[in-house]
Amino acid sequence: MKNNFKNTIEVLNSFGRLLVEEYKDSLIRNEVNASDKLFKSVKYLFKSDNRYLEIDLELENYYWYVENGRKAGKFPPIQKIEDWIKIKPVLPYRDKNGKLPTLNQLTYLIGRKIKEKGIQGKHLLQKSVDEIYKEIEDRLVDALAEDLHKAVEIELLSLR
């Protein structure tokens, strides 16, 4: 399939590059880039065999929580919250007596809020996919049509 669909492959690779760029920009714009781990992990992979052409993204596993959020219910992992507080950094408010919470207290307070209310998903990846697809949709349709036309011509010529 690769040899017969060069135009489509070119557009799909362009889609992958643009998607990575848009998603990374979106992470920065939406300030979802505390540790840089997710940002640095974003890569696209082009896969193909005799039946499929496919673009996959390689991401840190926690992208799913950035994308979809987290339901209320269970207390989140304390160490992950503490690490996030140190990286972000989170600036706590003083309590009614004017005292700032300790790191452990702040970690607990944030964890309790997540347990009670959950976290809203950002849907940044889906928005990036939608945005980039709008940009290349016509190019993809044209490339696929041209490649299919060539494949049919080659097939018909081989029947003669």
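**Exercise 1. The bend in H6**

Find where H6 bends in this predicted model, and by how much.

*Solution.* Start at Ile-136: there H6 bends by about 55°. Next, look at the length of the helix. H6 has 36 residues, and at 1.5 Å a residue they should span 52 Å. Now compare that with the ends: the end C-alpha atoms are 49 Å apart, so the two values agree.

**Exercise 2. The buried side of H6**

List the buried residues of H6, then work out which elements they pack against.

*Solution.* Walk along the helix from its start. You'll pick up Leu-124, Leu-125, Ser-128, Ile-132 and Ile-136, and then Leu-140, Ala-143, Asp-147 and Ala-151. Notice that Ile-136, where the bend sits, is one of these buried residues. A bit of background helps with the spacing: an α-helix has 3.6 residues a turn, so residues three or four places apart point the same way. As for partners, the buried residues of H6 pack against H1, strand S2 (53–58) and helix H3 (63–68).

**Exercise 3. H1 beside H6**

How do the axes of H1 and H6 cross, and which kinds of residue make up the contact?

*Solution.* First take the axes. Helix H1 covers residues 6–29 and helix H6 covers residues 124–159; their axes come within 8 Å and cross at roughly 170°. Angles over 145 degrees count as roughly antiparallel, so H1 is roughly antiparallel to H6. Then sort the contact residues: 16 are nonpolar, 5 polar and 7 charged.

Finish with the length of H1. Its 24 residues reach 34 Å from the first C-alpha to the last, close to the 34 Å expected at 1.5 Å a residue.

**Exercise 4. Ser-26 up close**

Is Ser-26 buried or exposed, and which residues does Ser-26 touch?

*Solution.* Place it first: Ser-26 is part of helix H1. Its relative accessibility is 4%, and so Ser-26 counts as buried. Skip residues up to four places away in sequence, and Ser-26 touches Leu-124 and Ser-128. Both of those partners appear among the buried residues of H6.

**Exercise 5. Two positive phi values**

Describe the backbone and the accessibility of Glu-31 and His-123.

*Solution.* Take Glu-31 first. You'll find it just after H1, in the loop between H1 and H2. Glu-31 isn't a glycine, yet its phi is positive, about 55°. With 63% relative accessibility, Glu-31 counts as exposed.

Now go to His-123, in the loop between strand S4 (119–120) and H6. Phi of His-123 is near 55°, again a positive value in a residue other than glycine. At 38% relative accessibility, His-123 counts as partly exposed.

**Exercise 6. A cis peptide bond**

Which residues does the cis peptide bond join, and where is Pro-89 found?

*Solution.* The bond links Lys-88 to Pro-89, with omega at about -20°. Pro-89 belongs to the loop between helix H4 (78–87) and helix H5 (103–117).

**Exercise 7. Phe-39 and Leu-109**

Place Phe-39 and Leu-109 in their helices, then check their C-alpha separations.

*Solution.* Phe-39 sits in helix H2 (residues 37–41). Leave aside its neighbours within four places in sequence, and Phe-39 is in contact with Lys-24, Leu-27, Ile-28 and Asn-33. Val-20 is 19 residues away from Phe-39 along the chain, and their C-alpha atoms are separated by 9.4 Å.

Leu-109 is in helix H5 and counts as partly exposed, at 38% relative accessibility. Between the C-alpha atoms of Leu-109 and Lys-24, 85 residues apart along the chain, the separation is 30 Å.

Definitions and conventions. Residues numbered from 1 in each chain as written. Predicted model: local features only at pLDDT ≥ 70, side-chain atom pairs only at ≥ 80, totals over all residues. Heavy atoms only, no water. Helix = DSSP H or I, 4+ residues; strand = E, 2+ residues; numbered from the N terminus. Contact = heavy atoms within 4.5 Å. Axes fitted to C-alpha atoms, helices over the stretch in contact; angles between N-to-C directions. Parallel < 35°, antiparallel > 145°, perpendicular 65-115°, else oblique. Nonpolar A, V, L, I, M, F, W, Y, C, P; charged D, E, K, R; others polar. Expected span 1.5 Å × (residues − 1). Bend = angle between axes of the 7 residues up to and from the residue. Buried < 20%, exposed > 50% of the residue type's maximum accessible area, 1.4 Å probe, protein only.
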